[in-house]
Amino acid sequence: MVGETRRLAVIQTPFRRPLLLAAAATFAAVFGGGAATMPDGRPTPTGLEVPRWISLKSSQVRARGGPGLDYQILWEYRAAGLPVQVVAETRHWRKVCDPEGSVAWIHRSVASGRRTVFNTSARETPIRAARSETASVRARLQPHSLIGIEDCQDGWCRVRARKLSGWVAEGAVFGTQARALCDAARPAGPAPARTARPG
């Protein structure tokens, strides 16, 4: 109908569930001589930029305390397509920052170069017809939902789900930031507790 907007919930689910019991035990192309570096200045094993955005391929991705199968499983991500930011890497493992600010290692086989964004807020995010706050609203991205992203320009990101496409404000979603959101030197684990500011 004219004047009506659609509500879009591509995926609406808790994305991480800690494992309660002890559990048992992306990029495949490697570019030689790449100039990309990690935050500490070392070249990246893949030749790809760090930080960079990837998404989870599976709805069951084990988050580990270090880059290897011998490291403890900290939790399991339960949302295929969830965007995570690579903040460090080895040849086979990616150290990622998730929407909660937690850091973990995931194997490259469960990572995808397909880009998505995640609405971390408790409010709907408008998907607009053009890159403007005054453009008509085509749909609304539900809280804690994912949608595919094509590119960003001038503070706006083009998103797509099925036949719907439109623009969201770059700062309104998780998965677009150029700077590292988590410290690559921080050990894997939950996000540090936020302390209340006095006054």
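Which strand pairs with β3 in the antiparallel sense, and over how many bridges? In this predicted model, the partner of strand β3 (residues 52–56) is β6, and 4 bridges hold the antiparallel pairing. One spot to look for is Arg52, which stands opposite Val86 in β6.

Strand β6 has another neighbour as well. It runs antiparallel to β7, again with 4 bridges joining the two, and the pair makes up a hairpin with 3 residues between the strands. Across this hairpin, Gln85 sits opposite Cys97 of β7. As for its surroundings, β6 spans residues 83–89, and 7 of the 7 residues are buried, so the strand is largely enclosed by the rest of the structure. As a general point, side chains in a regular strand alternate between the two faces of the sheet.

Cys97 leads on to the next topic, the disulfides. How many of them turn up in a search of the whole structure? The search comes back with 2 disulfides. Counting the bonded cysteines along the protein chain, they follow the pattern 1-4, 2-3.

One of the two links Cys97 with Cys182, and here the sulfur atoms are 2.0 Å apart. Cys97 belongs to strand β7 (residues 93–97), while Cys182 is found in the segment after β15 (164–169), so this bond ties together parts that are 85 residues apart in sequence. The torsion about the S-S bond of Cys97 and Cys182 comes to about 45°, so the disulfide is right-handed. Are its two ends buried or exposed? Cys97 is buried, at a relative accessible area of 1%. Cys182 counts as buried too, with 6% relative accessibility, since the cut-off for buried is under 20%.

The other bond joins Cys152 to Cys157, with an S to S distance of 2.0 Å. What is the torsion about the S-S bond of Cys152 and Cys157? The value is about 100°, so this disulfide is right-handed. As for exposure, Cys157 has 0% relative accessibility and counts as buried, whereas Cys152, at 33%, counts as partly exposed. The label for Cys152 follows because partly exposed covers the range between the buried limit of 20% and the exposed limit of 50%.

Taken together, β6 pairs with β3 and with β7, and β7 in turn holds Cys97, whose bond to Cys182 reaches the segment after β15.

Terms used. Residues numbered from 1 in each chain as written. Predicted model: local features only at pLDDT ≥ 70, side-chain atom pairs only at ≥ 80, totals over all residues. Heavy atoms only, no water. Disulfide = S-S within 2.5 Å. Buried < 20%, exposed > 50% of the residue type's maximum accessible area, 1.4 Å probe, protein only. Pairing = 2+ DSSP bridges.
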